[in-house]
Amino acid sequence: MQDGDCPYLARWDAVEAADVIVGGPAHAALDRVVDDRVVIFDEDPGTAYRTEFDANQLSTAISTFLSKNGDLPIDNHFGLIGAATNEGMEAIRDAIRDELSDDTSIARPTEAVDDDDGHAEAPTAVLAMLELGGPIIGDTAPTEYDWDDQLREEAGLDYVELPDGSQVVYDHAESRVVIRRPPTLDAARAVVGLDGTPIEELWRGRLGVDEIVSWRILCDDCRARYLRDVIGYEFVQTTSHVKPYSSGEYVNRRGDFGVIEAVANRHDTTTGVITTKSAAERLFEEPSSEPFIDIERVTDQIADVKHYGALRSSNDFTGTEVGVVLGSPHPGDRPLQITAALEGFTAVRGDEGKGTDLDYGIPERPFLRHYREHKIAQAVLRFGRTTAATVYIHTGVLPEWLSEMVTVGPEAVTTEERSEGQRGVIRALLDEGPGTAAEIANREGVSIGEKQTRDWLKRLRSEGYVSRDDSQPYTWGANGLADAPHTAHVRLPELG
């Protein structure tokens, strides 16, 4: 401010005088933004009010803060663990509590952030460790707990709410701490949330409110007519399998490539693709471990690839007339359990349920729906938006309302993956031209015999991709084979 007013502070003067402020969810945590205003959230705020420390980050942030604060009786993370778990150190615990908190706030001295390793939430983490009794180190643990025994015993998590309203979950398996500090919206004139796939448990916890009143703008039938008749969506579900793709481990390259190529051929256009980040890397970036799978051949038929985690508020596929949604997202048990714990639930995966029957013991499965079915619905509706679109949904888990809108279901779609030998014949015909079955079977890269080659050529002819002349023996040639899905034969239904 040596050369005049700080531009940042001057900008705040303009903000406070404005009739309308457009910002992100984090701005709602500032009283000067929300006081005496109507606050509108477009979708729930997600993790905007969450801070997460892994074991190393937690130890570093706490030790940095304690070492720089001379008014506290301990100076590092290990000293805090000792104070938290030793029944004889109650006086030290009380001294720390008195120094760092009052009834409404947790003090954030400059020492908390005045270092590359500092963090503003370090004082919150310190108080949370005290209230939770510290992490278990070997057999060291308090004899009595103030937290939910079920949450610790069944999920390995602890939860505490601190005097200022911040909420903390401690993960014993990974020594991870998650801090959530919902905004204070009491002074707002009204708070409105806009969400096409709402989970009220998440809205209440993330905004720090006790009650939400929900209004459905469109009934189920009205919504279906709007999407189908007004915008012009057609939804084709191509499989009944869940296809959990978050880890990338279960990606089926042959089947997925076949679907992409078949869709692009059917509509004679490049298609947009939405899948998980790991699946996209496995499908389109990693070299194939199987021979004769041409990744570039497939990517040439794709307009763009997005992953579920990058879709929030995205309009990148607006106007895209054909889309493919590959596989379903799932963050893993731990993130789901932590999300549930912050809302007061213990989520534990059932012994029997998996796939479409996956259950965490919570009625209505709100958190699984949030992370899986609702994200699929959000992905499906990224295509078209203002124009008609045909979306192929390659997973079996959809919200019930979207399932009821599917034009054609998986029973009308067949996928027959091509073997290495079959792909070798396709490659040989494309690379070396026509030949008899015997000649083609003897070409480099063809791993099946003459009879299997002849049978496969007949099959390709029935699919319309191979021709033959009237000579004896027949000479076989490519006839549109360059456009055939090379990893799988996928029969798609005719659409109106």
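1. **Terms first.** A residue is buried when its relative accessible area is under 20%, exposed when that area is over 50%, and partly exposed in between, using a 1.4 Å probe and protein chains only. By that scale E450 is partly exposed, with a relative accessible area of 39%.

2. **What the model is.** This is a predicted model: local features need pLDDT of at least 70, side-chain atom pairs count only at pLDDT 80 or more, and totals for chains, interfaces and linings use all residues. Residues are numbered from 1 along each chain as its sequence is written, and side-chain values use heavy atoms, with hydrogens and water left out.

3. **Overall build.** The protein chain has 19 helices and 15 strands. Both are DSSP runs, numbered from the N terminus: helices are H or I with at least four residues, strands are E with at least two. The radius of gyration, taken over C-alpha atoms, is 29 Å. The globule rule (2.2 Å times the number of residues to the power 0.38) gives 23 Å for 496 residues, so the chain is more spread out than a compact globule. Its C-alpha atoms fill a box of roughly 100 × 55 × 55 Å along the principal axes.

4. **Inside and outside.** Of the 496 residues, 45% count as buried. The accessible surface of the chain comes to about 24900 Å². Carbon and sulfur atoms hold 45% of that surface. Areas come from the Shrake-Rupley method with a 1.4 Å probe; for residues, only the protein chains shown count as cover.

5. **Contacts along the chain.** A contact means heavy atoms within 4.5 Å. Take the contacts between residues at least 6 apart in sequence: 70% of them join residues at least 24 apart.

6. **Charges.** The chain has 48 positive and 90 negative side chains. Lys and Arg count as positive, Asp and Glu as negative; His and the chain ends are not counted. The centres of the two sets lie 9 Å apart. Each charge is placed at NZ of Lys, CZ of Arg, CG of Asp or CD of Glu.

7. **Salt bridges.** Side chains of opposite charge can pair when their charged atoms come close. A salt bridge here is a side-chain nitrogen of Lys or Arg within 4 Å of a carboxyl oxygen of Asp or Glu. The structure holds 36 of them.

8. **Two pairs in helices.** How far apart in helix α9 are R225 and D221? They are four residues apart in that helix (residues 220-231), about one helical turn. Their salt bridge has an N to O distance of 3.0 Å. R225 is partly exposed at 38%, and D221 is partly exposed at 46%. Helix α19 (residues 450-463) holds E450 and R454, again four residues apart and separated by about one helical turn. Their side chains meet at 2.7 Å, N to O. R454 is partly exposed at 29%.

9. **A network.** Which residues does a network of salt bridges link to E90? They are R93, D94, R97 and E131. The E90 and R97 side chains meet at 3.6 Å, N to O. E90 is partly exposed, at 35%.

10. **Backbone points to check.** A cis peptide bond joins Q472 and P473, with omega about -10°. P473 sits in the loop between β13 (466-468) and β14 (476-478). D36 has a positive phi, near 65°, and is not glycine. D36 lies in the loop between α2 (31-34) and β1 (38-42). R365 also has a positive phi, near 50°. R365 is in the loop between α13 (333-342) and α14 (366-371), and is partly exposed at 25%.
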